[in-house]
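Work through the following exercises with the model open beside you, and try each task before you read its solution.

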Amino acid sequence: MAKDTPYLDVQQLTKSFGSLVLFRDISFSIAEGQKVGLIAKNGTGKSTLLSILSGVEGYDSGDIIFRRDLRVGMLEQSPVFDPAESVLDACFNHQGDEEKVLKAKQILTQLKIRDLSQPMGQLSGGQQKRVALANVLITEPDLLILDEPTNHLDLEMIEWLEGFLSRGNKTLLMVTHDRFFLDRVCSVILELDDQTIYTYRGNYSYYLEKRQERIDNRRAEIARANNLYRTELEWMRRMPQARGHKARYREEAFYELEKVAKQRIEERQIRLKSRNVYIGSKIFECQYVSKVYVSRNEALDRRTLATGGTQEGGMRKENTKIILKDFYYNFSRFEKMGIVGNNGTGKSTFIKLLLGQVQPDSGRFDIGDTVRFGYFSQEGLQFDEQMKVIDVVKDIAEYIDMGGGKHLTASQFLQHFLFTPEQQHNYVYKLSGGERRKLYLCTVLMKNPNFLVLDEPTNDLDIVTLQILEEYLQDFPGCVIVVSHDRYFMDKVVDHLLVFKGDGVIQDFPGNYTQYRWFSRNEEGGTRKENTPASDKSRSSEKLPSDTSHFSDKVPSDTSHSCVPSVASDQRSSASFLVPPSSKRKMTYKEKREFEQLELDIAALEAEKKRIEEALCGGTTSVDEITAMSKRLPLLNDELDEKSFRWLELSEI
């Protein structure tokens, strides 16, 4: 086969379920080395398209052409395993190949799966997702197809996967709502919208810019068509029934024009702001709470000792899991707190303790009388499959009081969260997984709580819905606690973090996630900074916290909050400042020369990046050139990041 044949070529693909058309005559291709992100609203066919490409789902018409002998690896959104099967057996079933078994063990260890004999049924959802990921990576496929690879992964694992996929000449197609992940990994964005596919040859930031241009152009086209449509409509009404050839030609053109004129671009005109939320000055106080979990065997040991029996060695400390240890916190009015930490450190347990679903071993939660919790859990809500969407919400409330004499009906509220009037009268069983999560979110918000507790709210929600939820929470006049692995979402919503580090250690940090991550990495590197070459320093550090504003839908620049949480002084530790104080010395001669050279290098790299992006969007570039540029672009971005950070370091002197 010819050298410039793409890895994957999709031509005129159509898929429908009965009268519902998901996409019609869509075409796109993926070249070697391209990292492609697929974006679409919930229910428009993202996962269906991936299932078609992996051979699981059929399609109506079109062609799907893979390069000959191409190895394809597929990560499903919700992988299913035999609960009795061991981790190693579930991950690798070709027991005769010792080399691949060793590779499986290596990848599983990198993904922090260490007990390879443990039954899959004992693993958490996040651990099972990591095993499924290892299962795909072991085979070293030419093309990786990943459906929501970051769901259920903790922040450390997301960052590891981000780095792994960014390195080298990997080719991948993935669906993810993680916008940081899209921006840092992908070099091409495909948008599935209105049954059509749109291609943007750049990362997520580039996509946002070009998508807005596309929408503005479309809006102008529809406006022009409407003006012409009114003129042609008058002509159609005046013309007699017997029309000549020219008249018939113009009549056919009229109906084509009518199709364009009647198109609509769905968009919300206003932000949803609730003013009818009151919460008193007393919220809740976490009074020296402790919680420890013990394994089943250790619980048995406790009973044995309590009844006078003996157990050699007493309590087995390695089976004890400390969640909280004499933890004190006084929650402030209007506070928006994020909770982060690796899986298994106790984040969800802390939420359940707060809500009274789990009892502490010692200490107590003192909750104010005016507090009305709204809880969005990981498990979600079990719906009656035969109910209509609108009836699910109406069972909670017919309308929501927005304050100031304004009300939103259940239907209007659903429309704001992108349920069209037609979708509202669908039965629940017809909804996709993402649409169910969105409906669950609406049922929580319709109760008009003044304290929202959101445990992994971003899983399975599309990017547009996430943007709506972010706006809602930014304007929310009550209190919010968010447990999430979505870094972008956290940066947009929270002004303060509790970082669960495990073994009952909880760090209080006054800032968003990007600021915390930047601070932590610089703090860790502080002891060895003096002996580290400049280039190594920049490689081991992230950009300054202001880097979160580089997307078009920017993080608000003012992330401060008028209410400062009251916490025990020993919890503040060294995180009471965001940026280490700069030293007052002058630049050395060598540093001045380096600073000047960096300015020249950065300008040259930015010019090269602009040329590549323009060439990728030009439509005249060959497949070989696209492949080469796709390989160069992530390397270029890394080099720009490195030099920009070093420039910032020197500029602080």
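**Exercise 1.** How many disulfides does a search of the whole structure find?

*Solution.* This is a predicted model, in which local features need pLDDT of at least 70, side-chain atom pairs count only at pLDDT 80 or more, and totals for chains, interfaces and linings use all residues. Residues are numbered from 1 along each chain as its sequence is written, and side-chain values use heavy atoms, with hydrogens and water left out. Taking a disulfide as a pair of cysteine sulfur atoms within 2.5 Å, the search of the whole structure gives zero.

**Exercise 2.** Find which helices are linked by the salt bridge of R517 and E159, and decide whether the two residues are buried or exposed.

*Solution.* Begin with the rule that a salt bridge is a side-chain nitrogen of Lys or Arg within 4 Å of a carboxyl oxygen of Asp or Glu; the count by this rule is 20. The side chains of R517 and E159 form one of them, at 2.8 Å from N to O. R517 belongs to helix α17 (residues 513-524) and E159 to helix α5 (residues 155-166), so that distant parts of the chain, 358 residues apart, are linked; helices here are DSSP runs of H or I with at least four residues, and strands are runs of E with at least two, numbered from the N terminus. Both R517 and E159 are buried, where buried means under 20% relative accessible area, exposed over 50%, and partly exposed in between (1.4 Å probe, protein chains only).

**Exercise 3.** Where do R214 and D193 lie?

*Solution.* The side chains of R214 and D193 meet in a salt bridge of 3.6 Å, N to O. Because R214 is in helix α7 (residues 204-238) and D193 in strand β8 (residues 188-193), the pair ties together parts 21 residues apart in sequence. R214 is buried at 15% relative accessible area, whereas D193, at 22%, is partly exposed.
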